Amino acid sequence: MKRVQFGRYGGPETMSLGEHTLPELAPGRVRVRVRAAAINPLDWKIRQGVMKIVTGRKFPQGMGSDFAGVVEQVGTDVTDFRAGDEVFGTVEIKKQGAFAEVVDADARLVVRKPASLSFSEAACIPIPAATAWAAIVGAARAQPGSRIFINGCSGAVGSAAVQLALAHGAHVSGSCGPASVASVRSAGVDPVFTYADKASFASNGPYDAVFDTLGTLSVSDGLALLTPKGRFVDINPTPGRMLRGFVSGRYSMVFATAGFKNLQELAGLANEGKLRSSIGLEAPFTDALSIVKNAELGPRPPGRIVLLMRGN
Ligand SMILES: NC(=O)c1ccc[n+]([C@@H]2O[C@H](COP(=O)([O-])OP(=O)(O)OC[C@H]3O[C@@H](n4cnc5c(N)ncnc54)[C@H](OP(=O)(O)O)[C@@H]3O)[C@@H](O)[C@H]2O)c1
């Protein structure tokens, strides 16, 4: 079967659309014929080698995390799924490979696709929504009346965070680029600031939680925006910030993995229309190399980018 793979860590030039034979399906895993795969910044960061401590030095490696498709085969011990089920899910960081005709995934990272969602819509859910869940519901403890500021509220994680915070009754303000102001405002963010308007979003505080999706606020800047018991939540790790997250009671570094156990709940919210992804481009899988390269190097269309496999 065909997949996007890379033979060494590096830029877009390391990617190829190559043939790959999957090993025998391991216990606890499901084999899924991919119908749609959504692109996340994590995909090219892994290919660049940012996570090589986890992803190792064995090549070629597959690329891509979030997918939706149809179960072809289930491993021993898997009782929740059977061949023919329509599902969506993600793969572990060290076992990428969703930009492919077929992917093997841990059954615990896969859930049934609500019939109301297209394969593309479902593929957009896992990493952004799980990260937003871990940040907003987990670390920021959103609740009715809490005031949450989201720095970068227009991207995939940011817009999922806005929707989850609003669904939990929080009041959400946020920052974004000038071109995103109108769409973010119509999503319920109030007030909306541009990134350059730091003084205004500071004077709109203090906040019960600040969620920085972009990693552009320093830890001290973030903490300064908070109420005395407020929490600053970050998702863009550096070694120093990771360490700070371990020792600080008010600053948390969160990862998508912390939200993966909530995929079922996220599917439910999406089914109810409370969690939507804006899809900007659906492109054929055969164009994957140029599509991933353009998403990485920009400019790109607004909204999520989804690769469609044959049969869609
Ligand atoms: N810790 C974790 O487990 C974890 C999980 C997921 C993501 N992350 C990281 O979090 C960061 C945000 O991820 P994301 O998936 O939300 O990224 P994203 O969708 O690319 O959004 C990031 C920002 O890029 C801008 N943007 C979005 N779409 C754009 C477009 N079509 N053209 C130009 N700019 C666009 C937006 O800013 P404007 O306001 O300018 O529109 C947005 O706030 C990334 O660095 C990612 O690696 C970490």
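1. In this predicted model, Val 210 stands opposite Phe 232, a residue of strand 13. Strand 13 covers residues 226–234 and runs parallel to strand 12, residues 207–212, and five bridges join the two.

2. Strands 12 and 13 belong to an open sheet of six strands, whose order is 11-10-9-12-13-14 and whose pairing is parallel. At the edges are strand 11 (192–194) and strand 14 (251–253), each of which pairs on one side only. From one strand to the next, the twist averages 15 degrees.

3. Helix 4, residues 126–139, packs on the sheet and touches strand 9 (147–151), strand 12, strand 13 and strand 14, while its direction makes about 160 degrees with that of strand 13. Helix 9, residues 239–247, lies across strand 13 and strand 14, and it runs at about 125 degrees to strand 14.

4. The whole structure holds eight aromatic pairs. One of them joins Phe 6 and Tyr 9, a tilted pair with 6.1 Å from centre to centre and 45 degrees between the planes; both Phe 6 and Tyr 9 are buried.

5. How are the rings of Phe 232 and Tyr 251 placed? Their centres are 5.4 Å apart and their planes stand at 40 degrees, so the pair is tilted. Because Phe 232 lies in strand 13 and Tyr 251 in strand 14, the pair ties together parts that are 19 residues apart in sequence. Phe 232 counts as buried because its relative accessibility is 0%, and Tyr 251 is likewise buried, with a relative accessible area of 0%.

6. Two further points concern aromatic rings. Phe 149, Phe 193, Phe 201 and Tyr 207 form one aromatic cluster, and Lys 113 lies over the face of Phe 119, at 4.9 Å from the ring centre.

Note on methods:
Residues are numbered from 1 along each chain as its sequence is written. This is a predicted model: local features need pLDDT of at least 70, side-chain atom pairs count only at pLDDT 80 or more; totals for chains, interfaces and linings use all residues. Side-chain values use heavy atoms; hydrogens and water are left out. Two strands pair if DSSP finds at least two bridges between them. Helices (H or I, at least four residues) and strands (E, at least two) are DSSP runs, numbered from the N terminus. Axes are lines fitted to C-alpha atoms, for helices over the stretch in contact, and angles run from 0 to 180 degrees between N-to-C directions. Contact means heavy atoms within 4.5 Å. Rings of Phe, Tyr and Trp (its six-membered ring) pair if their centres lie within 6.5 Å; planes under 30 degrees apart count as stacked, over 60 as edge-to-face and the rest as tilted. Buried means under 20% relative accessible area, exposed over 50%, partly exposed in between (1.4 Å probe, protein chains only). A charge sits over a ring if NZ of Lys or CZ of Arg is within 6 Å of the ring centre and within 35 degrees of the ring normal.
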